[in-house]
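Trainee: Could we go through this model together, one question at a time, with the reasoning spelled out before each answer?

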Amino acid sequence: MSAETQGASYAGAGVDIEAGDRAVELMKEWVRKTRRPEVLGGIGGFAGLFDASALKKYERPLLASATDGVGTKVDVARRLGVYDTIGHDLVAMVMDDIVVCGAEPLFMTDYICVGKVHPERVAAIVKGIAEGCVLAGCALVGGETAEHPGLLGPDDFDVAGAGTGAVEADRLLGPDRIRSGDAVIAMASSGLHSNGYSLVRHVLLDRAGLALEGEVAELGRTLGEELLEPTKIYSLDCLALTRTTEVHAFSHITGGGLAANLARVIPDGLHAEIDRATWTPGAIFDLVGRTGRVERLELEKTLNMGVGMMAIVPAGSVDVALATLADRGVDAWVAGEIAERGARTTGAELVGDYAA
């Protein structure tokens, strides 16, 4: 019987159900590692279950939710064939958005879309997500793996996730708490994190032709290792701050850069001034700027420039906040302060020059 006269099948269309089942079996071990007492059942059902009676400890619980992906960083992972770190990035992008309002991360779901299911690759991605969930203190309660032959190449993939957290209503952090005279504490990033990779790839790979496998002297490792450095997850560090001292707000530094993200939590009438001289951006930021002749302001509105999270605290809380972060191994420093806006028209700005 010719191919034209054979009956059509899902497998013939490019979808391998058995490979998908194999991927689920491989990932179960990692999902179990994220389990919290409130989680009911396991993966394989139609919905993940989380016991909402855990919220009884709150007087007035507010649920916080967020969803995100990791952008074109997945292309670097694909090119290098490294799949077990990209999940850290996904958890960071979702759960560190949730913790900004003071919410405790509770649970997360993921969505992995592939051109062809390679069970070991999918399991490696989920392994990274599970490890990230442990670092964020949340459970991975479920997800979806979708195979899209014809739309994606056999090695192409993308990831996305959604998360939920909870915060006591009277402990909600944000613009309403910020006052003139507050200090802005910067927490160091682990590198590029998961933003600006379209610019980074264009400059370093497309224009400069650098090899991902090549050693870069100023980085002290290969370019690929630098670009795949997992995004720092700050969730538990931020929650520790809220338990040890007074915190008014957090700002997660992601797409749009430091000033634009900080401005999102600055109320009308106030202004955040950040002094570049308080830190030196990592070598990767200089490499991108110098190689692509990218102007500083363009870099700063695209990349995090070495700061992944910011905390806004009363001046009297600075010492305790810095000590708490140091005890947790987080490199942090006072980067600026909040003042009356006056005639200024922006919520946040960077001033001065970076330390050499």
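**Strand partners, a helix face and an aromatic cluster**

Mentor: In this predicted model, Ala188 stands opposite Val307 in strand S12. Let us begin from that pairing.

Trainee: How many bridges join S7 to S12, and in which sense do the two strands run?

Mentor: The position of Ala188 opposite Val307 is one point of contact between the strands. Taken over the whole pairing, S7 and S12 are joined by 6 bridges, and the sense in which they run is antiparallel.

Trainee: In S13, which residue is the bridge partner of Ala183?

Mentor: S7 (183-188) also pairs with S13 in the antiparallel sense, over 5 bridges. Within that pairing, the bridge partner of Ala183 in S13 is Glu337.

Trainee: How many of the residues of S7 are buried?

Mentor: In a regular strand the side chains alternate between the two faces of the sheet. Here Ala183, Ile185 and Met187 point one way from S7, while Val184, Ala186 and Ala188 point the other way, and all are buried. The strand is therefore mostly covered on the definition of buried as under 20% relative accessible area, and the number of buried residues in S7 is 6 of 6.

Trainee: Why do the buried residues of helix H11 line one face of the helix?

Mentor: In H11 (residues 318-327), the buried residues are Val318, Ala321, Thr324 and Leu325. An α-helix has 3.6 residues a turn, so residues three or four places apart point the same way. Asp319, Ala326 and Asp327, by contrast, are exposed on the other side of H11. The buried residues line one face because, seen down the axis of H11, they fall within an arc of 135 degrees.

Trainee: Which elements are included in what covers the buried residues of H11?

Mentor: The residues to be covered are Val318, Ala321, Thr324 and Leu325, and the cover includes strands as well as a helix. Among the elements that provide it are strand S7 (183-188), helix H7 (235-244), strand S12 (307-313) and strand S13 (332-340).

Trainee: Trp279 and Trp333 form an aromatic pair, so what is the angle between the planes?

Mentor: A pair of aromatic rings is described by the distance of the centres and the angle of the planes. This pair links distant parts of the chain, with Trp279 in the loop between strand S11 (270-275) and helix H9 (283-292), and Trp333 in strand S13, 54 residues apart. Trp279 is buried at a relative accessible area of 6%, and Trp333 is buried at 13%. The pair is tilted, with 5.9 Å centre to centre, and the angle between the planes is 40 degrees.

Trainee: The charged end of which residue sits over the ring of Tyr354?

Mentor: Tyr354 belongs to one aromatic cluster together with Trp279 and Trp333. At 5.8 Å from the centre of the Tyr354 ring lies the charged end that sits over it, and the residue is Arg276.

Trainee: Is His248 buried or exposed?

Mentor: His248 lies in the loop between H7 and strand S10 (249-252). Leaving aside neighbours within four places in sequence, His248 is in contact with several residues, including Leu173, Arg177, Asp182, Ile312 and Pro314. The relative accessible area of His248 is 6%, which means that this residue is buried.

Technical notes: Residues are numbered from 1 along each chain as its sequence is written. This is a predicted model: local features need pLDDT of at least 70, side-chain atom pairs count only at pLDDT 80 or more; totals for chains, interfaces and linings use all residues. Side-chain values use heavy atoms; hydrogens and water are left out. Buried means under 20% relative accessible area, exposed over 50%, partly exposed in between (1.4 Å probe, protein chains only). Helices (H or I, at least four residues) and strands (E, at least two) are DSSP runs, numbered from the N terminus. The arc is that of the directions from the helix axis to the C-beta atoms. Contact means heavy atoms within 4.5 Å. Rings of Phe, Tyr and Trp (its six-membered ring) pair if their centres lie within 6.5 Å; planes under 30 degrees apart count as stacked, over 60 as edge-to-face and the rest as tilted. A charge sits over a ring if NZ of Lys or CZ of Arg is within 6 Å of the ring centre and within 35 degrees of the ring normal. Two strands pair if DSSP finds at least two bridges between them.
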